[in-house]
Structure formats: C-alpha cells, structure tokens
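Could you take a look at this one with me? I've jotted down some notes to go with the picture.

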Amino acid sequence: MASLKDMRVRIASTKATQKITKAMQMVAASKLRRAQTAAEAARPYADKMSAVISNIASAAAGSPGAPALLAGTGRDQVHLLLVCTGERGLSGAFNSSIVRLARERAQSLMAQGKEVKFFCVGRKGYEQLRRLFDKQIVEHLDLRSVRQLGFVNAEDIAKKVLARFDNGEFDVCTLFYSRFRSVIAQIPTAQQVIPLVVEAGAAANTTSYDYEPEEDEILTRLLPRNLAVQIFRALLENNASFYGAQMSAMDNATRNAGEMIRKQTLVYNRTRQAQITKELIEIISGAEAV
Amino acid sequence: MATFHFDLVSPEKLAFSGEVDQVDIPGVEGDFGVLAGHAPVVAAIRPGILTITTGGKHEKVIVLGGLAEVSEKGLTVLADVATSLAELDRAQFAETIAEMEESLKEHEGGELDHAIERLDHYKSIQQQLTSTAMH
C-alpha cells in the first residue's frame, strides 16, 4: 500500500495535469473562434469560384481542347493523395481519422493495381503515414513555422502539386482534410481536385457569357487558381476542425482528471482515517496492558 | 440611377458587398465600366485600381489580378488580393516593386515577359497612387 505522502504527491500531480488540460481547452476555444471566422470568411470566394468555374467548365468540358486539369490525362493509373493534417497532437482522433481515410483509400486503390503517391501537409499525418508508406511519400510540407495561415501557403502547395502534374507524375489528385461542421463533429473528407469534378447541377445553369479574353484562356488561368483556393479552404477547415477536436479532447481530459482526483482523495482520506484508528487502538491497548 | 449588386471577394475575406451605381474594372484587355443591366460577361483582371461608385462617392480598391463575372444577379469580382486605398501600406508596396525588379534577373523566356508585364502593372498602380488617385 502506498504511503500517505505518496498519495498526496499523486493527487497534487493529477491536479497539475488538470490545470494544464483546462488551460489548453481554453486556448483551443479562443483559437477556434478565430479559425472559424477565417474559414467562414473564405467561403464566399470558394463558392463563387466554383460557381464561375462550373459555368465555364460545363461548356468547355466537351470540347477536345479542354485543359488537362479539367479533362484529366485520360488515365487513372497513378493517384496522388494530398493529405492535410495538423501540426500538433493532443486533439483526440483528429489526425488519425484523416490518416485512416487516406490509408483506406490508398489500400483499396492499390488492391485495384493502381499506383499511389502521397503528398503530406502537416507533421502528424506524415509521421503516421511514414510507418506504412515510406517509399510512396513524394513530398512533405511542414506548416509549423506558419503563424497565420495565408493564401500564399495554399498557393505554395498548389504550385508544387501542379509542377508534379505537369511532369506527368500522377493522373488523379485527391485532397484529404477534415471538414468542420461543429465543435463536436469534424468529418474527414476526400475531395478529388485533379481532374476537376464539375457538379452536375451547375451544368443546367447556362447563362451565355461574353468572355474577355477567350474562354479557354480564362479557364487556363482559373483552373490552377481554383486548386489553390480548394487547398486554402481545406487548410482553413482543417485548422478549425483541429481546434474543435482539441477543445473537446481537452474538455474530456479535464473531466477525467477531476474524476481521478475525486477517487484518489477518497482513498487518501480512508487510508488516513484507518491509520488514525490503528494508532488509537495501539495507544489504548498499550494503556490497558499497563 | 439604377443600382446593382456588387460583391468583391478575396480568398481571405469578403472585401465589399452591396448595391452600387457603377464599378470600373481594370480588365486584361482594357478598363471597362459596369452599370446596372450590363450583358453577362466573364473577364480576367490585371493588377490595377478598381473604382466603386455609389451615390456620387468613389471608393478605390487595389486589386492584384483576378476575375470579374457579370450575370443577371449582379457583378462578382474574385480578386487575388484586394486592398482598399486607405489600408495600403505604400512603403511595403514600393518594397514589393523593388523585389520584383530584383527577381527579374532570375526569369527567362516567356516567364520573363510575364514578370515584366506584371511589374509594369504594379508600377502604373504606384504612379496613379502618387498622382491622380490622391484626391
């Protein structure tokens, strides 16, 4: 049986842990608010962008000269999985659920005889995927030094992906991230970005536009940009999801620590009382013996 | 005067949204103004100054490239970067230009042409800032 002093030390250390998790929860909550506003601020642009693109693309997709980013390379042999995860842990299942989705996709693709490559954004995803697919990770990018996610970060990633696409290194690119629905619900999502999937509903909307400059020239400008926008959106959604997941994970941890402190204190008090009783009995029986 | 709905969005925020009288846009193939009832058009934008006119008041916004879409619902400008004139850090802008001049040496061929073209646009913005756009 642990001595009273040991138990006191253990209770104190649990209390210290609880303070840390509590603080982390509050920090995550305040960062979540910022991340959420940023994610919401980016939505109108991404929505408008996809609306404009699907408008032009539905007209251009049928034509033989459609750009490869829209029409694809005509094959789907090599897949690039662009996996965006967080830089830090202590956020519940946030990172692992994204990685799991990517891993399952990769395994089913490989079972079909396709080749799979990985592009990891974020340290945590890289660390987990490295164990399984070390050779297949073609690139990995750390955003740890980035304090405020800006559009330039997304543009940077998009450029790297496009350079590989132009080199013919892959045929299909799928983006993995966690969509933020609410603080308790983050949905790991896979979204195909190359070739672009035009929503079927948008094709029905046929406003005949004048184009300035030519339609295909606008499209060639717009498609790489759209990729950056989609990545940017994914990064922001991811960021909000991360803090949401961290907040609920830390809330759980704080509650568990509270529970543990309660139990330990109970055992401590019982032991203390038992010891006092034992000492009393010793004194009394000692006095009786005299 | 008839008004129409105008949205100016950049990836990071919704920079402007509301009813306006007229918007002058720096298009790739020349500046053009948009009034209510404009024909549907999709146009690429070069780096330049976009002017929003509402009730006789002008508001100038610097856009660094992007796309304008006019539909029956109104005008939407997807700007790569949108900075209102008041927010612009002139010193930083000058610095960007200097940096671009510096990096010209690294480009070659078609890329050099693009870089020079872009630099020219930036310089013309700067010139407008220091002369006409000031009042």
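Below are my numbered points, starting with where the two chains meet and then moving to one helix and its surroundings.

1. First, a caution: this is a predicted model, so read each point below as a description of that prediction.

2. Let's begin with the contact between the chains. Chain A puts in 21 residues and chain B puts in 20 residues. On chain B, the elements that give two or more residues to this side are β1 (4–10), β2 (13–20), β5 (41–45), β8 (66–71) and β9 (74–79). The largest share, four residues, comes from β5(B).

3. What classes of residue make up the side of chain B that touches chain A? There are 12 nonpolar residues, plus four polar and four charged ones.

4. Have a closer look at β5(B), as it also pairs with a strand across the chains. Strand β6 (residues 210–212) of chain A runs parallel to β5(B), and three bridges join them. If you want one pair to find on screen, try Y211(A), whose bridge partner in β5(B) is V42(B).

5. Now for a label from a record. UniProt, in an unreviewed entry, lists residues 4–82 of chain B as "domain: ATP synthase F1 complex delta/epsilon subunit N-terminal". In the model, that stretch is 75% strand and 0% helix, and its end C-alpha atoms are 20 Å apart.

6. Over to chain A and helix α5 (residues 151–166). Does its length add up, or what should we expect? The helix has 16 residues, so at 1.5 Å a residue it should span 22 Å; the end C-alpha atoms are 22 Å apart, which agrees.

7. Which residues of α5(A) are buried? They are F151(A), A154(A), I157(A), A158(A), V161(A) and F165(A). Looking down the axis of α5(A), you'd see these buried residues within an arc of 125°, so they line one face of the helix. The face turned away from that buried side carries A163(A) and D166(A), which are exposed.

8. What do the buried residues of α5(A) pack against? The partners in chain A are the strands β1 (78–84), β2 (115–121), β3 (137–141), β4 (172–180) and β5 (186–194), along with the helix α7 (215–289). Just after α5(A) comes G168(A), with a positive phi of about 75°.

9. Two of those partners also pair with each other: β1(A) and β2(A) are parallel, with seven bridges between them. Across this pairing, L80(A) sits opposite K117(A) of β2(A). Strand β2(A) is mostly covered, with five of its seven residues buried.

Note on methods: Residues are numbered from 1 along each chain as its sequence is written. Chains are lettered from A and ligands numbered from 1 in the order in which they are written. This is a predicted model: local features need pLDDT of at least 70, side-chain atom pairs count only at pLDDT 80 or more; totals for chains, interfaces and linings use all residues. Two residues are in contact if their C-beta atoms, placed from the backbone, lie within 7 Å. Ala, Val, Leu, Ile, Met, Phe, Trp, Tyr, Cys and Pro count as nonpolar, Asp, Glu, Lys and Arg as charged, and the others, Gly among them, as polar. Two strands pair if DSSP finds at least two bridges between them. UniProt positions are given in the numbering used here, feature names are shortened, and annotations may be inferred rather than shown by experiment. The expected span of a helix is 1.5 Å times one less than its number of residues. A residue is buried if 20 or more other C-beta atoms lie within 10 Å of its own, exposed if 12 or fewer, and partly exposed in between; C-beta atoms are placed from the backbone. The arc is that of the directions from the helix axis to the C-beta atoms.
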